Amino acid sequence: MSDEIKILLAKAPLSFVGTVLYLDAATSDHRVEGNSAVIGVDCVLHGPPELSHLAGDQITLRLTQNRPEIGEAFAFFTAGASFGRTLALTELGRINVDVVEPFITAARDAGRGDSPFAPLIEEMSRDSLRRHAEGAAAVVLARVVALEAAGDRNAVMEDDPDWWRATLDVGHVERGELKSGPVNVLLANSRDRAWSASPKGRPGEEGLWLLHATSGERARLAPFEITHPEDAQPTARLAALRR
Amino acid sequence: MLLIVNMTPASLGAEANQDGGLWLEVDFDNTYNLTVGAQTPAPLGESGDWIYVSDDGGESWTLRPRPTEQDGVADAAAAGGSAVRASPADRDAAAAIQALDRGRIGAVRAAAHADGTVYAVFRRRTGGAFPKFDTDILVVRDDPETGRDKPFRQLLDPRDNLPGRVVAAGRTVSLTATMGQERLGAGLAIAVDPAKSGAVWIATCDHAADDPGGAWTLRLFHSTDRGQTWSVEPRSVANARGPALAVSAEGTTGLLYQHFTGARWETRLEVFKDAWTSATRPLVLHSAPAHTPTAEFLPFLGDPQLVGVGAGFLGVFGGANTPDVANFPHGVAYQRGADWENHTLLAGDGVTVIPPSIDPFFFRHWGAQPARGPGAQFRGPSPGRGPISRGPVSRGPGGRGPGSGDLPRGPIFRGPGPPPAPEAPLSAPPDTPEPRRGEGQDLKL
């Protein structure tokens, strides 16, 4: 059953236990559609922090599964449809409440205040990191020992990545054809929104680095680049890669 | 009248994103229908763009995914999306300017007239290196009767006979330098008079190349001969950025910009009927400390946008959302929960305090009353207004559920009210102007 939930978690950014209050209805600021229902949210199972206060609210749900009965409760897996005075969601999946009860109970018994699905989400995060690492040319433990501007001085737009070259002192090679010692990598130093999540690298920063081979013009600046947010990880994250 | 609305919906009362970087799209067949794009991420982290949509002239807003062609929406304007950026005509214009190969720096801004005339303004690099450049400001024009194989060739520089009339020379920009946490960029804006396609305004923000220590200054230029000659207007503002320009159907010119006082960002609107020949007192729409919150990325506030509608203007801007009466000299209506006595934002539970962030704000000025123009198709009752809506009673902004009882309801603060209205009619004019797609919008290449 965990696998079924993980499949739902992979596609649904918000899940909750809710009770069907009205069918063929919508909360007051959303359009009534033939398959919409008003659901009372009993508890949030997972989702962004912004919606952690949803319990007790009534939302509009655009149903995509079998028509439920008024008064029935389910664990709904959903995506956002419209945010107004109230919230409208689209159903992506639905499972019976007794399936998720063990997760809720386990979280409560462990005194955890996070999502009942947190262990599953952590597993999925590790899987994601492993998949991303498989696409890397090298995976190393290293420390930033030097930084210098390396970019195109003829760039003409505000959102230019502003390439900088970092020298990493590699202490351990987990994967890839690389030896310990210095290696040059490109970092996007721009604070533009397009690059703000890219690793910046601070002098002396140590960590687990997923190095990707450069291509084209950038290959003349350095053999590797680090631009994806997952390319820089805490050193302790190496254990997650090995499992 | 002046209406200002914080657009963040009540159901996203716990969000704390940096939601500047706005663009505004008006449905000129029914100006109750408005669409605003922002840097706002998908609230649940989904992929795709999300947009703010209003069907009541901007008094209330919902956030929803931008429809795509896959959703059966054929044209970009109906998609509520970047019609300016996505329309074939504008794509052609952007590509054409790129093809001019004039050493462009920064974004291109364009303004289109209903008669088919299109103007575009951009900076040509004359010196320097990233991120600081010396530039000339060039304007190009495309006339409706000319062939499309060589667009934007109507205004030539007499010095080299290449496309691009020099509006101002020797201006320095620094693409990544910041002021009050905001990137200075290469600020440009352009607008054409909807009644006279030969009358064009340009606003620029930069400093003189021969005065490297000079203030970052907003300046205005005006042409009445289809861009052949330009005059420098007697209006400049030091330490200003993000200019936006528009001309109303009555020929009134609006200038929207953000002014850094040294400690605060003020979003100001200036409206002129007489080509800036008289002194003016800017309307301060919003004023807030420039260093709260801390910028997460650039742009911090983003460029404001202004559109002429009827006798007035509609606009959007990004600003700090701390609910403080002092920040809104002309009042404001918040959709999200706020405690105005303690100057705090509140989550949907009406209790949890949310840190300040940058929110999108909409405003409607003077005669810009929403209207359904001739031939407009009334699109039926708005969601929730018809008899088919059931379920919970609408709960006003300011909190929901337990704990919200002490919070004010409805538009939380309307402030001291707008200054006296001019004699211009507040009701909709008999005719709505043609859409001026492209006016003052980015054409990033």
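Into which domains is chain A divided? Select residues 2-128 for domain 1 and residues 135-242 for domain 2. The model on screen is predicted. With both selections shown, compare their centres: taken over C-alpha atoms, the centre of domain 1 of chain A and that of domain 2 of chain A are 38 Å apart.

**Helix α1 of chain A**

Next, select residues 2-11 of chain A, which form helix α1. Colour A:I5, A:K6, A:L8 and A:L9, the buried residues of this helix. Why do they lie on the same side of α1(A)? They span an arc of only 165° around the axis, and therefore share one side of the helix. An α-helix has 3.6 residues a turn, so residues three or four places apart point the same way.

Now turn to the other side of α1(A), and add A:D3, A:I7 and A:A10 in a second colour; these residues are exposed. In this context, buried is under 20% relative accessible area and exposed is over 50%.

What covers the buried residues of α1(A)? Show the following elements of chain A, which are included in the cover:

- strands β2 (36-46), β4 (73-83) and β5 (87-96)
- helices α2 (97-109) and α3 (118-134)

**Between chain A and chain B**

Bring chain B into view and select the residues of each chain that touch the other. The selection should hold 44 residues of chain A, in contact with 50 residues of chain B. Between them the two chains bury about 4000 Å², and carbon and sulfur atoms carry 54% of that area.

For the charged pairs, the count between chain A and chain B is one salt bridge. Select B:R183 and A:D192 to see their side chains meet in a salt bridge, at 2.8 Å from N to O. Polar contacts between chain A and chain B come to 12 residue pairs, with both residues at pLDDT 80 or more.

Which elements of chain A give two or more residues to the side that touches chain B? They are β1 (14-23), β4 and β5 of chain A. Of these, pick β4(A): with five residues, β4(A) gives the most to the side of chain A that touches chain B. β4 and β5 of chain A were also shown in the previous stop, as part of what covers the buried residues of α1(A).

**Chain B**

Finally, hide chain A and colour chain B by secondary structure: there are two helices and 28 strands. Switch to colouring by accessibility, and 60% of the 445 residues of chain B count as buried. In a contact map of chain B, among contacts with a separation of 6 or more, residues 24 or more positions apart account for 63%.

Methods: Residues numbered from 1 in each chain as written. Chains lettered and ligands numbered in written order. Predicted model: local features only at pLDDT ≥ 70, side-chain atom pairs only at ≥ 80, totals over all residues. Heavy atoms only, no water. Domains from an automatic or database assignment. Buried < 20%, exposed > 50% of the residue type's maximum accessible area, 1.4 Å probe, protein only. Helix = DSSP H or I, 4+ residues; strand = E, 2+ residues; numbered from the N terminus. Arc of directions from axis to C-beta. Contact = heavy atoms within 4.5 Å. Buried area = accessible area lost by both parts, 1.4 Å probe. Salt bridge = Lys/Arg side-chain N within 4 Å of Asp/Glu carboxyl O. Polar contact = N/O pair within 3.5 Å; in protein donor to acceptor, adjacent residues only side chain to side chain.
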